Structures are given as structure tokens and as C-alpha cells.
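This note collects several points on the fold for a colleague's consideration. The points are numbered and may be read alongside the sequence and the coordinates.

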Amino acid sequence: MSTGHRRLGELLVRENLISLQQLRQAQDEQKRSGVPLGAALAKLGFASETEITQFLSQQYRVPAVNLDDFEIDPDVIKLIPKEVCEKHKIIPLSRAGTQIVVAMADPTNLHAIDDIKFLTGLNVEPVVAGEGAIGQAIERNYTPQGPSYDEVMAGFDENEIQVSEIEENVDLNSLQKESEDAPVVRLVNMILLNAIKKGASDIHIEPYEKKFRVRYRIDGVLQEEMSPPLKLKNAIASRVKIMSSLDISERRLPQDGRIKLKLGGGREMDFRVSVLPTLWGEKIVMRLLDKSNLQLDMTKLGFDQKPLDDFKWAINQPWGMVLVTGPTGSGKTTTLYSALSELNKPAHNISTAEDPVEFNLMGINQVQMHDEIGLNFAASLRSFLRQDPDIIMVGEIRDFETAEIAVKAALTGHLVLSTLHTNDAPATISRLLNMGVEPFLITASVNLVLAQRLARKVCKDCTQPHEYDYKILKDLGATDDQINASRAKTAKGAGCKTCNGTGYKGRVALYEVMRFTDNLKELVLQGSSSAELKAGAIKNGMTSLRMAGILKVLNGTTTPEEVLRVTMAD
């Protein structure tokens, strides 16, 4: 028993607040349940913690405090380590100049006061609080929200896992056992749950020669999250593979799988898992697919009114082709799903060929591609045409065969939606021509091409007015009139807890919508370049990606840096 406990017990007996027999009983209860003496006395009904605190306050002439009323500044908490607080039953409350106010269960503990002076270099002003209340305050203020990496790894002996020098000879039975070991399970669960909590779109688990790291892609930008011990790489990889029903014995070939998590409130989260053998082990990338966050209302995607009207016109045509273009992760799938959601009516037969199917949509016939058995986009498209379709969605046009069938489907009375990987809308026409599609077929089939990017939004919690330098806005492409009219609206994020100090939270789509008008069709038939097509489209009223970005900067939604990052120079 500590000196503090013994001194408190003796004082209470001496002042006739409790009897010696009650003290003995409380000490026995303390040993049995491991609670503080004050809590043991309260549990047995001999004295409440408040009574004990008031007694100590009067005895030593120091103020008594109710810790539930205190919101302690994190900077003050950092002055004294958690271990010291637990050892001496203390917690720092505030600092003023060279003085620190500390709540103590035993305000006469000179050893604790000396330790605090040594650690902080400050003079200590003690106040008294109950030992139980101090314990709760320590947990409340020193324990981070959600499990920390250190907590997950507590009690885990890294030496328990031995990694063979020759990768192929790792004992699979022991590897499976290690992957089901509680700390590994908890660590993997924490990686998945933290990714959901932080709004990540992807998780990267990467082994290198001397480092093992976990990164999250948040709002399109990769950020390092943690570096688990290198020896855990095989156990973590095996745990993820078990969760996604993959073969843990196969570590030389790529594998793809899926994890489905059921969260509270009936929410489900899917993780699309890709395992790739690299020089130093298996790299795992998980794409988070959150159906509850799927935005299917196209009016909320970020369209300005004219581009939205053009897009709605195109998808409501009885036949023809609508192409959505942009790099991986630019939100093409969300735009297509929002279009399908609007078209999804009992009168329409809709079929989609996807690789992979990201979200299940009721009322739509979705087909997963399997190249290894010959089920590719071209084969699916041929089958769709025998299924009496009204609307067809092809995940991606990758080759001439798929492009040719899609164009023919669009010409024979079907609405075809698809994606391509090009830099902007006009370049999509050049890509189709390069694939071998004839110009007259393109002009006859394509209704509209939409290019898009996702730019990070200024964080709402730390946004503040920011007047950007005139030259920066001018170089971006803003006109003098635009700059003068929007000076008061431009903004920047200062960086806060919500956005992890980045100044950005969430993303907004930038759209370039090119409606295929007669004069653009004429330019294609004349063999015009992408630049000439772009000039013609802008003349027709098209807003380019850069122009869409400028408008979002000038209304305070994003920043010039973001627009430059995600758009090509005009």
C-alpha cells in the first residue's frame, strides 16, 4: 500500500471520520478489487469521496475542486506525462506564468511536487480532488479518441513472430495462427475503422526493405498514417487475405478480393482488396466503397446550371452515346451511377458491364467482368444487344472492339453510357479516332462528352477570407472583371483538427461538358485537332475544366493551388 493511502487512512481514523475496523475493511476491499482507498470507503458506505476531499481540503488548507467542471487545455496536459500522473495520483489543471495548478489526491506528497517541478520547471500550486475523480480525468484527457497504435500493440511481443529469410518457406500454419493473434486482428480492424472515420477512399499497406507503412488517401491525396513493426508484414497481409477470402498460401501472384464490414446502425462498408507481390512482400491496396455516401442526386454533384442542363439533355435522348472521361479516382463512376439512378424507371431495361461492380443498384442488371474466362466488355456488350436493352453502361472503352460495338449499339436505338481515360472532353474524340473508329460514326453516335476532376474543398471549420495575389489569379486564367467582382469571396483553410491541419475537407467536382453540336461534328469530319475542337466548343459556350476551377476559387470553394493540381493548363 502506498504512503499516501496509509496517511489518508490514519488521518480519517484520527479525526473519527471512520473507525479502525472500517479502515481495515476498506483496505481489504482495496486489495481485492484494486480500487483507490476513497472508492473502497465509498463502496462500503463508510465515507463518500466528496466527504474525504472536503476533509483533506480543510485539513491542509488547500482548495477542493470538482474535476467534472474542468476542461483542461491539451497544452497543459502535455507538460506532465500520463505515467507520472498515474504514479502520483495527480493531474495538471492550468498554467499561469511560472505557476502550474495541479489536482492531487494527497496534497502533502512532496515527492510528487518535486517530480512536477523537475519535469516542468514551474512552481506547483496544489489543489485537492478525489483519487477516483483524478483517475477518470486522466483517462478522459490522456486517452486519444479511438484506439491508438500503442494501445493496439500493448502487450504484443514482436519476437513472437519469426519471418523466414526465404519467403516461399514460411510455415503457413504458423502464419495463419499469427494472423489470428489478437493484437494483429485489432491492428487490422483499427486500420480499417480509422480509414472509415477519416473519410479515406483508399488504404495502402506497403512493405519496404527497412520500413513498413500504412497510408490513407484522403480527398485524393495520400497521407502516412502509421508505421507498424516490419516483422508484422506477413501476419497483417495474411489477416487481410483471410478477411477477404483469398489464398494465404499464394504469395507470388496478384489476388483480388472483397471485405464487407457491418457497422452500427445497419450501415455496411465494402473494401475492394488488391494484393500485389512486390520485392519486399505483399503490397495491399483497399478501396473503400461506402454505399451510404454514394451521391446519386446529380444536382448535388457540383454541376453549374448550363452543364447540368446539357448532361440531362444527353442522357434523356432515346439513343446515342454519352462519354465520361477523367483519370482514375476523378468520380466518373459516381457521375454514371447518378445518371443511371435518374434513368432507372420500370419502363427501361438497363444493363451494365463493370470491372468491378462497385455498388449494387436495385432495378439495374449489373455484370461483373471476368477476363480470365473471356467475359470482357466486348463480349458483355454483344450479349446485352440480345437482351432487349434500352440503356447500356460499359465500364470503360479500352479497345477498338469495345468501341466499335458501343458505337453500333448507339446507332441502333440504344442509349450507351461509358468512360474513357483522357485529359479533357475534346481529347476523347481523338482517342476514339486513334482506336480506329471512323469520323462519320463518331459524329453520328456521340451526343455529349463530359470531362471531370475532383478538387479538394476549403475546410468549413477553419475557412477564413484570403485575398490571393492578383498575379496568381491572373496566371490561373481569371479575367479582371471576375477578380474585381470576387475579391471578398476567396478563402483559404487555416488548418484545424477536422481537416488534420491541411485546410481542406471534402471534394467538389469540376466539369467540362461538351455537347456535340453540328459545328463540332463538322470540325471532326474535317479532321480538326483537339485544340481546334476545344476552341470551337468554348465558342459554343463550353466551360473548360480550368474555367470551372476558377469559378470555384472565386466563390471560396477551393484554392488556386488545388485547381492547378487537378487541371491541365489551357
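1. In which sense do strand β13 and β14 pair, and over how many bridges? The model discussed here is a predicted one. Strand β13 (residues 391-394) runs parallel to β14, and four bridges join the two. Within this pairing, Met 393 of β13 lies opposite Leu 417 in β14.

2. The wider setting is an open sheet of seven strands, ordered β12-β11-β13-β14-β10-β15-β18, with mixed pairing. Its edges are formed by β12 (365-368) and β18 (504-515), each of which pairs on one side only. From one strand to the next, the twist averages 15°.

3. Strand β10 deserves attention for its two partners. With β14 it pairs in the parallel sense over six bridges, and Gly 320 has Leu 415 as its bridge partner in that strand. With strand β15 (residues 446-458) the pairing of β10 is also parallel, over five bridges. Here Leu 323 stands opposite Val 449 of β15.

4. Is strand β10 mostly covered or mostly exposed? The strand spans residues 320-325, and six of its six residues are buried. In a regular strand, side chains alternate between the two faces of the sheet. For β10 both faces are covered: Gly 320, Val 322 and Val 324 are buried on one side, and Met 321, Leu 323 and Thr 325 are buried on the other.

5. Ser 418 may be examined as a single position in the sheet. The residue belongs to strand β14, which covers residues 415-420. Ser 418 has a relative accessible area of 0%, and therefore counts as buried, the limit being under 20%. Beyond its neighbours within four places in sequence, Ser 418 is in contact with Val 322, Leu 323 and Val 324, and also with Leu 336, Val 394, Gly 395, Glu 396 and Ile 397.

6. Helix α13 (residues 305-315) lies across β10, β14, β15 and β18, and runs at about 140° to β15. Its buried residues are Pro 307, Leu 308, Asp 310, Phe 311, Ala 314 and Ile 315. Viewed down the axis of α13, these residues fall within an arc of 160°, so they line one face of the helix. The buried residues of α13 pack against β10, β14, β15 and β18, and also against α14 (332-343).

7. Why does Asp 310 count as buried? This residue of helix α13 has a relative accessibility of 8%, and the class is assigned because that value is under 20%. Not counting residues up to four places away in sequence, Asp 310 touches Leu 448, Val 513 and Arg 515.

8. A final point concerns a pair of helices. Two packed helices are described by the angle between their axes and the distance between the axes. The axes of helix α21 (residues 518-525) and helix α22 (residues 530-539) come within 10 Å and cross at roughly 170°. Helix α21 is therefore roughly antiparallel to α22. Leu 520, Leu 523 and Val 524 make the contact from α21, while Glu 532, Leu 533, Gly 536 and Ala 537 make it from α22. By class, the contact of α21 with α22 comprises five nonpolar residues, one polar residue and one charged residue.

Note on methods:
Residues are numbered from 1 along each chain as its sequence is written. This is a predicted model: local features need pLDDT of at least 70, side-chain atom pairs count only at pLDDT 80 or more; totals for chains, interfaces and linings use all residues. Side-chain values use heavy atoms; hydrogens and water are left out. Buried means under 20% relative accessible area, exposed over 50%, partly exposed in between (1.4 Å probe, protein chains only). Contact means heavy atoms within 4.5 Å. Two strands pair if DSSP finds at least two bridges between them. Axes are lines fitted to C-alpha atoms, for helices over the stretch in contact, and angles run from 0 to 180 degrees between N-to-C directions. The arc is that of the directions from the helix axis to the C-beta atoms. Angles under 35 degrees count as roughly parallel, over 145 as roughly antiparallel, 65 to 115 as roughly perpendicular and the rest as oblique. Ala, Val, Leu, Ile, Met, Phe, Trp, Tyr, Cys and Pro count as nonpolar, Asp, Glu, Lys and Arg as charged, and the others, Gly among them, as polar.
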